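Open the model in your viewer and keep the selection panel at hand. The tour below goes stop by stop.

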Amino acid sequence: RKKMTIQQLQQLRESRTPITMVTAYDYPTARALDTHGVDIALVGDSLAQVCLGLPSTTLVTLDEMLHHCRAVARGSTHPLIIADMPFGSYHAGVDDAVRNAVRMVKEGHVEGVKLEGGAEIVDIVRRITQMGVPVMAHVGLLPQRHVALSGYRVQGRDAAGARDVYDSAKALQEAGAFSIVLEAIPHQLGSFITEELSIPTIGIGAGPGTSGQVLVWDDLMTRWHGRKAKFVRRFADVGQEEGRGIQNYISAVRDRSFPKPKEEGYEMGPGEWDLFL
Ligand code: KIV
Ligand code: NA
(Lines give C-alpha, C1' and ligand atoms only; values in the text may rest on other atoms or scores of the structure.)
(Ligands and ions follow the chains in the order given, each with its own letter.)
Protein backbone atom coordinates (compact mmCIF):
# COMPACT_ATOMS: atom_id res chain seq x y z
CA ARG A 1 0.00 0.00 0.00
CA LYS A 2 1.27 3.45 -0.91
CA LYS A 3 2.00 6.31 1.47
CA MET A 4 -0.96 8.54 2.35
CA THR A 5 -0.40 12.09 1.11
CA ILE A 6 -1.79 15.49 2.07
CA GLN A 7 -3.31 15.68 -1.41
CA GLN A 8 -5.15 12.38 -0.86
CA LEU A 9 -6.44 13.60 2.50
CA GLN A 10 -7.76 16.68 0.71
CA GLN A 11 -9.48 14.41 -1.84
CA LEU A 12 -11.05 12.40 0.98
CA ARG A 13 -12.40 15.66 2.45
CA GLU A 14 -13.81 16.70 -0.92
CA SER A 15 -15.50 13.35 -1.51
CA ARG A 16 -16.75 13.36 2.09
CA THR A 17 -15.01 10.05 2.79
CA PRO A 18 -14.26 10.03 6.53
CA ILE A 19 -10.54 10.12 7.39
CA THR A 20 -9.32 7.75 10.13
CA MET A 21 -6.57 8.77 12.55
CA VAL A 22 -5.41 6.75 15.58
CA THR A 23 -2.56 7.33 18.02
CA ALA A 24 0.44 5.00 18.11
CA TYR A 25 3.42 5.07 20.44
CA ASP A 26 5.34 1.95 19.39
CA TYR A 27 6.21 -0.34 16.50
CA PRO A 28 3.57 -3.09 16.93
CA THR A 29 0.76 -0.54 17.17
CA ALA A 30 2.07 1.26 14.11
CA ARG A 31 2.09 -2.08 12.27
CA ALA A 32 -1.54 -2.67 13.25
CA LEU A 33 -2.62 0.75 11.92
CA ASP A 34 -0.63 0.11 8.77
CA THR A 35 -2.02 -3.40 8.17
CA HIS A 36 -5.63 -2.32 8.58
CA GLY A 37 -5.41 0.83 6.50
CA VAL A 38 -5.66 3.71 8.99
CA ASP A 39 -5.00 6.98 7.14
CA ILE A 40 -2.96 8.90 9.75
CA ALA A 41 -0.82 7.59 12.64
CA LEU A 42 -0.51 10.20 15.39
CA VAL A 43 2.28 9.99 17.91
CA GLY A 44 0.26 11.99 20.41
CA ASP A 45 1.74 13.54 23.51
CA SER A 46 -0.97 11.47 25.26
CA LEU A 47 2.11 9.20 25.27
CA ALA A 48 2.77 10.87 28.62
CA GLN A 49 -0.28 9.35 30.34
CA VAL A 50 -1.12 6.17 28.48
CA CYS A 51 2.40 4.94 27.85
CA LEU A 52 4.77 6.57 30.36
CA GLY A 53 2.46 6.88 33.37
CA LEU A 54 2.96 10.62 33.73
CA PRO A 55 0.08 12.72 35.11
CA SER A 56 0.04 15.28 32.27
CA THR A 57 1.14 15.74 28.67
CA THR A 58 3.10 18.81 29.78
CA LEU A 59 5.74 16.50 31.33
CA VAL A 60 6.75 14.54 28.24
CA THR A 61 10.06 15.72 26.76
CA LEU A 62 11.04 16.26 23.15
CA ASP A 63 13.63 13.47 23.44
CA GLU A 64 11.02 11.05 24.78
CA MET A 65 8.69 11.94 21.90
CA LEU A 66 11.51 11.41 19.38
CA HIS A 67 12.27 7.92 20.73
CA HIS A 68 8.64 6.81 20.26
CA CYS A 69 8.27 8.64 16.92
CA ARG A 70 11.11 6.60 15.44
CA ALA A 71 9.49 3.33 16.55
CA VAL A 72 6.16 4.35 14.98
CA ALA A 73 7.86 5.51 11.80
CA ARG A 74 9.51 2.07 11.38
CA GLY A 75 6.07 0.44 11.35
CA SER A 76 4.16 2.97 9.22
CA THR A 77 4.43 2.33 5.49
CA HIS A 78 0.97 3.57 4.53
CA PRO A 79 -0.32 6.01 7.19
CA LEU A 80 0.90 9.61 7.17
CA ILE A 81 3.00 9.98 10.34
CA ILE A 82 2.17 13.06 12.43
CA ALA A 83 3.43 13.78 15.94
CA ASP A 84 2.63 16.29 18.63
CA MET A 85 5.25 18.89 19.35
CA PRO A 86 5.41 18.58 23.14
CA PHE A 87 4.70 21.38 25.59
CA GLY A 88 7.57 23.86 25.61
CA SER A 89 9.04 22.86 22.25
CA TYR A 90 7.27 25.65 20.32
CA HIS A 91 6.78 28.17 23.11
CA ALA A 92 10.07 30.11 23.09
CA GLY A 93 9.85 31.85 19.73
CA VAL A 94 9.66 31.07 16.04
CA ASP A 95 13.32 30.07 15.56
CA ASP A 96 13.23 27.62 18.45
CA ALA A 97 9.95 26.15 17.19
CA VAL A 98 11.40 25.66 13.70
CA ARG A 99 14.54 24.06 15.16
CA ASN A 100 12.41 21.61 17.15
CA ALA A 101 10.07 20.86 14.23
CA VAL A 102 13.16 20.00 12.19
CA ARG A 103 14.28 17.65 15.00
CA MET A 104 10.88 15.92 14.83
CA VAL A 105 11.51 15.24 11.13
CA LYS A 106 15.23 14.44 11.22
CA GLU A 107 15.42 12.54 14.51
CA GLY A 108 11.81 11.39 14.89
CA HIS A 109 11.30 10.44 11.23
CA VAL A 110 7.78 11.94 11.26
CA GLU A 111 6.19 13.59 8.23
CA GLY A 112 4.33 16.42 9.93
CA VAL A 113 3.87 18.02 13.34
CA LYS A 114 0.81 18.95 15.38
CA LEU A 115 0.65 22.09 17.51
CA GLU A 116 -2.02 23.16 20.01
CA GLY A 117 -3.19 26.78 20.06
CA GLY A 118 -4.89 29.66 18.27
CA ALA A 119 -3.92 33.18 17.18
CA GLU A 120 -0.85 33.15 19.45
CA ILE A 121 0.81 30.35 17.42
CA VAL A 122 -0.12 31.58 13.94
CA ASP A 123 3.36 33.02 13.22
CA ILE A 124 4.97 29.76 14.32
CA VAL A 125 2.63 27.63 12.18
CA ARG A 126 3.31 29.89 9.19
CA ARG A 127 7.08 29.67 9.56
CA ILE A 128 7.23 25.88 10.13
CA THR A 129 4.94 25.39 7.12
CA GLN A 130 7.02 27.73 4.95
CA MET A 131 10.11 25.71 5.81
CA GLY A 132 8.40 22.61 4.41
CA VAL A 133 7.22 20.80 7.52
CA PRO A 134 3.46 20.16 7.25
CA VAL A 135 1.53 21.37 10.29
CA MET A 136 -1.68 19.93 11.72
CA ALA A 137 -3.32 22.52 13.99
CA HIS A 138 -5.32 21.63 17.14
CA VAL A 139 -8.07 23.86 18.58
CA GLY A 140 -10.93 23.53 21.08
CA LEU A 141 -9.82 21.66 24.20
CA LEU A 142 -6.04 22.03 24.47
CA PRO A 143 -4.79 19.35 26.91
CA GLN A 144 -1.36 21.01 27.17
CA ARG A 145 -3.20 23.92 28.90
CA HIS A 146 -5.39 21.87 31.23
CA VAL A 147 -4.19 23.81 34.28
CA ALA A 148 -4.85 27.21 32.71
CA LEU A 149 -8.25 25.92 31.52
CA SER A 150 -9.08 24.57 35.03
CA GLY A 151 -9.46 21.02 33.74
CA TYR A 152 -10.28 19.05 30.60
CA ARG A 153 -13.46 20.90 29.66
CA VAL A 154 -15.63 21.24 26.60
CA GLN A 155 -14.79 24.44 24.70
CA GLY A 156 -16.93 26.76 22.57
CA ARG A 157 -20.25 26.11 24.28
CA ASP A 158 -21.31 29.76 24.36
CA ALA A 159 -21.45 32.09 21.37
CA ALA A 160 -18.26 33.97 22.29
CA GLY A 161 -16.35 30.75 22.93
CA ALA A 162 -17.58 29.24 19.65
CA ARG A 163 -16.51 32.40 17.80
CA ASP A 164 -13.07 32.10 19.38
CA VAL A 165 -12.61 28.46 18.26
CA TYR A 166 -13.87 29.31 14.76
CA ASP A 167 -11.60 32.37 14.41
CA SER A 168 -8.61 30.31 15.54
CA ALA A 169 -9.38 27.57 13.01
CA LYS A 170 -9.65 30.12 10.19
CA ALA A 171 -6.40 31.85 11.19
CA LEU A 172 -4.51 28.53 11.37
CA GLN A 173 -5.76 27.48 7.94
CA GLU A 174 -4.66 30.91 6.64
CA ALA A 175 -1.22 30.32 8.24
CA GLY A 176 -0.81 27.14 6.18
CA ALA A 177 -2.01 24.27 8.38
CA PHE A 178 -2.86 21.27 6.13
CA SER A 179 -5.45 19.92 8.57
CA ILE A 180 -6.85 20.69 12.00
CA VAL A 181 -7.91 18.69 15.05
CA LEU A 182 -11.12 19.87 16.73
CA GLU A 183 -11.25 18.57 20.30
CA ALA A 184 -14.25 18.59 22.66
CA ILE A 185 -16.51 21.19 21.05
CA PRO A 186 -20.27 21.07 20.40
CA HIS A 187 -21.16 18.99 17.33
CA GLN A 188 -22.86 21.97 15.65
CA LEU A 189 -19.59 23.91 15.84
CA GLY A 190 -17.59 20.92 14.55
CA SER A 191 -19.83 20.70 11.47
CA PHE A 192 -19.84 24.47 10.94
CA ILE A 193 -16.05 24.79 11.05
CA THR A 194 -15.73 21.79 8.71
CA GLU A 195 -18.07 23.43 6.16
CA GLU A 196 -16.36 26.81 6.39
CA LEU A 197 -12.76 25.59 6.10
CA SER A 198 -11.10 24.21 2.97
CA ILE A 199 -8.75 21.82 4.84
CA PRO A 200 -9.74 18.49 6.47
CA THR A 201 -10.93 18.66 10.07
CA ILE A 202 -10.24 15.70 12.38
CA GLY A 203 -12.65 15.51 15.29
CA ILE A 204 -12.35 14.06 18.78
CA GLY A 205 -15.51 14.89 20.68
CA ALA A 206 -16.54 17.27 17.89
CA GLY A 207 -19.48 15.29 16.46
CA PRO A 208 -20.00 13.31 13.25
CA GLY A 209 -19.74 16.27 10.85
CA THR A 210 -15.94 16.58 10.72
CA SER A 211 -13.80 15.30 7.81
CA GLY A 212 -12.40 12.54 10.02
CA GLN A 213 -12.10 11.16 13.54
CA VAL A 214 -9.22 10.46 15.92
CA LEU A 215 -9.09 8.40 19.10
CA VAL A 216 -6.32 7.36 21.45
CA TRP A 217 -5.39 3.69 20.81
CA ASP A 218 -5.56 2.77 24.49
CA ASP A 219 -9.01 4.38 24.82
CA LEU A 220 -10.61 2.64 21.85
CA MET A 221 -8.99 -0.70 22.81
CA THR A 222 -9.77 -0.32 26.54
CA ARG A 223 -6.20 -0.76 27.68
CA TRP A 224 -6.27 2.37 29.77
CA HIS A 225 -8.13 2.68 33.00
CA GLY A 226 -8.05 6.42 33.49
CA ARG A 227 -11.32 8.32 33.46
CA LYS A 228 -13.26 7.75 30.22
CA ALA A 229 -14.06 10.98 28.38
CA LYS A 230 -17.65 11.27 27.05
CA PHE A 231 -16.36 11.19 23.47
CA VAL A 232 -14.54 7.84 23.84
CA ARG A 233 -16.15 4.71 22.49
CA ARG A 234 -14.72 1.32 23.49
CA PHE A 235 -14.33 -0.63 20.24
CA ALA A 236 -12.63 -3.60 21.89
CA ASP A 237 -11.76 -4.77 25.40
CA VAL A 238 -8.11 -5.64 25.17
CA GLY A 239 -7.60 -4.90 28.86
CA GLN A 240 -9.95 -7.72 29.85
CA GLU A 241 -8.20 -10.12 27.48
CA GLU A 242 -4.79 -9.08 28.86
CA GLY A 243 -6.05 -9.70 32.39
CA ARG A 244 -7.21 -13.18 31.40
CA GLY A 245 -3.81 -13.86 29.84
CA ILE A 246 -1.74 -12.81 32.83
CA GLN A 247 -3.96 -14.68 35.31
CA ASN A 248 -3.80 -17.87 33.25
CA TYR A 249 -0.02 -17.57 32.99
CA ILE A 250 0.46 -17.04 36.73
CA SER A 251 -1.71 -20.00 37.70
CA ALA A 252 -0.12 -22.32 35.10
CA VAL A 253 3.38 -21.46 36.37
CA ARG A 254 2.33 -21.94 39.99
CA ASP A 255 0.62 -25.30 39.43
CA ARG A 256 3.48 -26.41 37.12
CA SER A 257 1.16 -27.12 34.19
CA PHE A 258 3.38 -24.74 32.22
CA PRO A 259 5.71 -25.58 30.57
CA LYS A 260 5.08 -29.11 29.31
CA PRO A 261 8.47 -30.90 29.12
CA LYS A 262 8.14 -32.18 25.55
CA GLU A 263 5.69 -29.96 23.67
CA GLU A 264 7.10 -26.77 25.16
CA GLY A 265 10.68 -27.89 25.75
CA TYR A 266 13.67 -29.72 24.24
CA GLU A 267 15.01 -33.30 24.36
CA MET A 268 18.62 -34.41 24.65
CA GLY A 269 20.10 -36.10 21.59
CA PRO A 270 19.73 -39.94 21.52
CA GLY A 271 21.97 -41.50 24.18
CA GLU A 272 23.45 -38.12 25.15
CA TRP A 273 21.88 -37.99 28.58
CA ASP A 274 23.67 -41.20 29.64
CA LEU A 275 26.98 -39.81 28.31
CA PHE A 276 26.38 -36.61 30.23
CA LEU A 277 25.73 -38.54 33.46
O1 KIV B 1 -2.17 13.42 22.16
C2 KIV B 1 -3.15 12.95 21.56
O3 KIV B 1 -3.45 11.75 21.64
C4 KIV B 1 -3.96 13.87 20.75
C5 KIV B 1 -5.19 13.36 20.06
C6 KIV B 1 -6.17 12.75 20.97
C7 KIV B 1 -5.79 14.37 19.16
O8 KIV B 1 -3.60 15.00 20.64
NA1 NA C 1 -1.95 15.67 22.00
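**Ligand 1.** This is a predicted model. Start with the shell around ligand 1: its residues divide into five nonpolar, three polar and two charged. To see them, select Thr 23, Leu 42, Gly 44, Asp 45, Ser 46, Asp 84, Val 181, Ile 204, Val 214 and Val 216, which surround ligand 1. Keep Asp 84 highlighted; the tour returns to this residue of the shell.

**The whole chain.** Zoom out. The C-alpha atoms of the protein chain fill a box of roughly 85 × 40 × 35 Å along the principal axes. Switch to cartoon: there are 11 helices and eight strands. Colour by burial next. Of the 277 residues, 41% are buried. Now turn to contacts between residues at least 6 apart in sequence: 58% of them join residues at least 24 apart.

**Strand S4.** Select residues 112-116, which form strand S4. Why is S4 largely enclosed by the rest of the structure? Five of its five residues are buried, so the rest of the structure largely encloses the strand. Check the two faces separately. Gly 112, Lys 114 and Glu 116 lie on one side, Val 113 and Leu 115 on the other, and all are buried.

**One partner: S3.** Add residues 80-84, strand S3. S3 and S4 pair in the parallel sense over three bridges. Here Asp 84 comes back: its bridge partner in S4 is Lys 114. Then show residues 94-106, helix H5. S3, H5 and S4 make a right-handed β-α-β unit.

**Another partner: S5.** Add residues 135-140, strand S5. S4 and S5 run parallel, joined by four bridges. Pick Glu 116 and look across: His 138 in S5 stands opposite. Follow the chain from S4 through helix H6, residues 122-130, to S5; this β-α-β crossover is right-handed.

**The nonpolar core.** Which residues of the largest nonpolar core touch the most other members? Select Ala 41, Val 43, Val 113, Val 125 and Ile 180. The core has 66 residues. Helix H4, residues 62-75, supplies the largest share of this core, with five residues. Val 113, one of the residues just selected, also belongs to the buried faces of S4.

**Last stop: Ala 41.** Centre on Ala 41 and leave aside neighbours within four places in sequence. Ala 41 is then in contact with Val 22, Ala 24, Ala 30, Leu 33, Val 72, Ser 76, Pro 79 and Ile 81.

Notes:
Residues are numbered from 1 along each chain as its sequence is written. Chains are lettered from A and ligands numbered from 1 in the order in which they are written. This is a predicted model: local features need pLDDT of at least 70, side-chain atom pairs count only at pLDDT 80 or more; totals for chains, interfaces and linings use all residues. A residue is buried if 20 or more other C-beta atoms lie within 10 Å of its own, exposed if 12 or fewer, and partly exposed in between; C-beta atoms are placed from the backbone. Helices (H or I, at least four residues) and strands (E, at least two) are DSSP runs, numbered from the N terminus. Two strands pair if DSSP finds at least two bridges between them. A crossover is right-handed if, with the strands pointing away from the viewer, the path from the first strand over the helix to the second runs clockwise. A residue is near a molecule or strand if its C-beta atom, placed from the backbone, lies within 6 Å of it. Ala, Val, Leu, Ile, Met, Phe, Trp, Tyr, Cys and Pro count as nonpolar, Asp, Glu, Lys and Arg as charged, and the others, Gly among them, as polar. Two residues are in contact if their C-beta atoms, placed from the backbone, lie within 7 Å. A nonpolar core is a set of buried Ala, Val, Leu, Ile, Met, Phe, Trp, Tyr and Cys residues joined through C-beta atoms within 7 Å.
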